[in-house]
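Please open the structure in your viewer and keep the selection tool at hand, as this tour moves from one residue to its surroundings and then onward.

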Amino acid sequence: MTNSINIVEVGPRDGLQNEKQVIDVATKVELIEQLAKAGLKSVEAGAFVSPKWVPQMAASDEVMATIKRKPGVSYPVLTPNMRGYEGARTAKADTVAVFGAASESFSQKNINASIDESIERFKPVIEAANADGVKVRGYVSCVLGCPYEGNIPLANVIRVAKALYDLGCYEISLGDTIGVGTAGQTRDMIRAVAGELPVAALAGHFHDTYGQALANIFAAIEEGVTTFDSSVSGLGGCPYAPGASGNVATEDVVYMLHGSGFETGANLDALIETSRWISEQLGRMPASKVTLARTASS
Ligand code: HMG
Ligand code: MG
């Protein structure tokens, strides 16, 4: 088993996209810069999506233009179509992400396209990005369950993951969008997908709705996965997945990994500071157990 785990911080995008209150550009920029300073090497910075669908991401161009980029840090953004890709390109994004789903209903609700239509839409985005030297990540949502359809056959997960990989995504992030999966289901799902794709190209994206995310990450590590998405303070949810809570908190993942002998390059104390700071900005308690425990004991 490798000793080094990559963390893709998704708080400024997956975390903030669900917030009802207006969050100004300066706060988003400060959040992204603090996360990079805390040693995270990939900080998802925004989404070039329709502002009618996700109003909170509307100023992603301003955010991208304002952040001071730290050398060695990547700042991916979401791009559902060519319009989004052009915005991301103008914003000088180094990495973009297309996002599909293993569930037909979720695909319709989230991006207004069937799974097959979405793959057709992603083709030119991935081609253009590969030609421009921009890296492309591929997300697959609902890999362990769908808010509209319930159980999703593993064959659907494999089909979408393989389609995105074959089109040229360098990494496929497998999303438990509504946080219903367990460690045993995660193990089976990773084994099934890794039967078709290199396990080094897989990432885990766990929401913590049912409190299973850390166990799922550990199960995925045991299957050879070395990249995980997480969100500082456990921010977030998905506007098209009712009831979904945030991603697993970055500081909880880092605490577990460092305590188990893995390296992440992240500074736990700095993450806890950022977690407290963003929670104050949003007027709520952190969803991270580690931040709460450290706050109670300090
Ligand atoms: P549509 O309505 O079918 O698109 O939406 P359209 O092409 O008919 O365009 C409708 C309007 O949107 C037009 O404007 C377009 O110009 C505009 P109007 O003429 O009405 O004024 N438009 C855009 N504007 C800005 N940027 C764009 C863009 N494209 C069209 N790129 C569309 C299709 C994909 C655009 C829409 O459904 C959309 O934006 N969906 C995004 C939903 C989203 O961001 N969801 C959250 C992210 S996914 C997630 O959180 C899951 C993940 O975390 C993994 C997991 O947890 O599972 C990744
Ligand atoms: Mg998500």
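Begin by selecting valine 49 in this predicted model, and then display its partners Val54, Met57, Pro80 and Phe99, with which valine 49 is in contact once its neighbours within four places in sequence are left aside. If you follow the chain on either side, you will see that valine 49 is found in the loop between strand 3 (46-47) and helix 3. Next, add glycine 84 to the selection: although glycine 84 and valine 49 are 35 residues apart along the chain, their C-alpha atoms are separated by 6.0 Å.

Now turn to the open space in this region, the largest pocket, which holds about 700 Å³. Its lining is made up of 36 residues, and those closest to its centre are Phe48, Val49, Ser50, Pro80 and Phe99. To see which elements give two or more residues to this lining, colour helix 1 (11-15), helix 3 (60-66), helix 4 (82-90), helix 5 (104-111) and strand 6 (135-141). If you then colour the lining by class, you should find 18 nonpolar, 13 polar and five charged residues.

Leave the pocket and select Val96, Val140, Ile172, Leu174 and Val193, the residues with the most contacts inside the largest nonpolar core, which has 92 residues. Helix 6 (residues 115-132) is worth highlighting here, since this helix provides the largest share of the core, seven residues.

For the last stop, centre the view on valine 193, which touches Val157, Ile158, Ala161, Leu174 and Leu202 when residues up to four places away in sequence are not counted.

Conventions
Residues numbered from 1 in each chain as written. Chains lettered and ligands numbered in written order. Predicted model: local features only at pLDDT ≥ 70, side-chain atom pairs only at ≥ 80, totals over all residues. Heavy atoms only, no water. 1 Å grid on protein atoms, 1.4 Å probe; cavity = no way out; pocket = protein on both sides within 12 Å on 5 of 7 lines; lining within 4 Å. Points joined across faces, edges and corners; volume = space filled by probe spheres on them. Helix = DSSP H or I, 4+ residues; strand = E, 2+ residues; numbered from the N terminus. Nonpolar A, V, L, I, M, F, W, Y, C, P; charged D, E, K, R; others polar. Contact = heavy atoms within 4.5 Å. Core = buried A, V, L, I, M, F, W, Y, C linked by side-chain atoms within 4.5 Å. Buried < 20%, exposed > 50% of the residue type's maximum accessible area, 1.4 Å probe, protein only.
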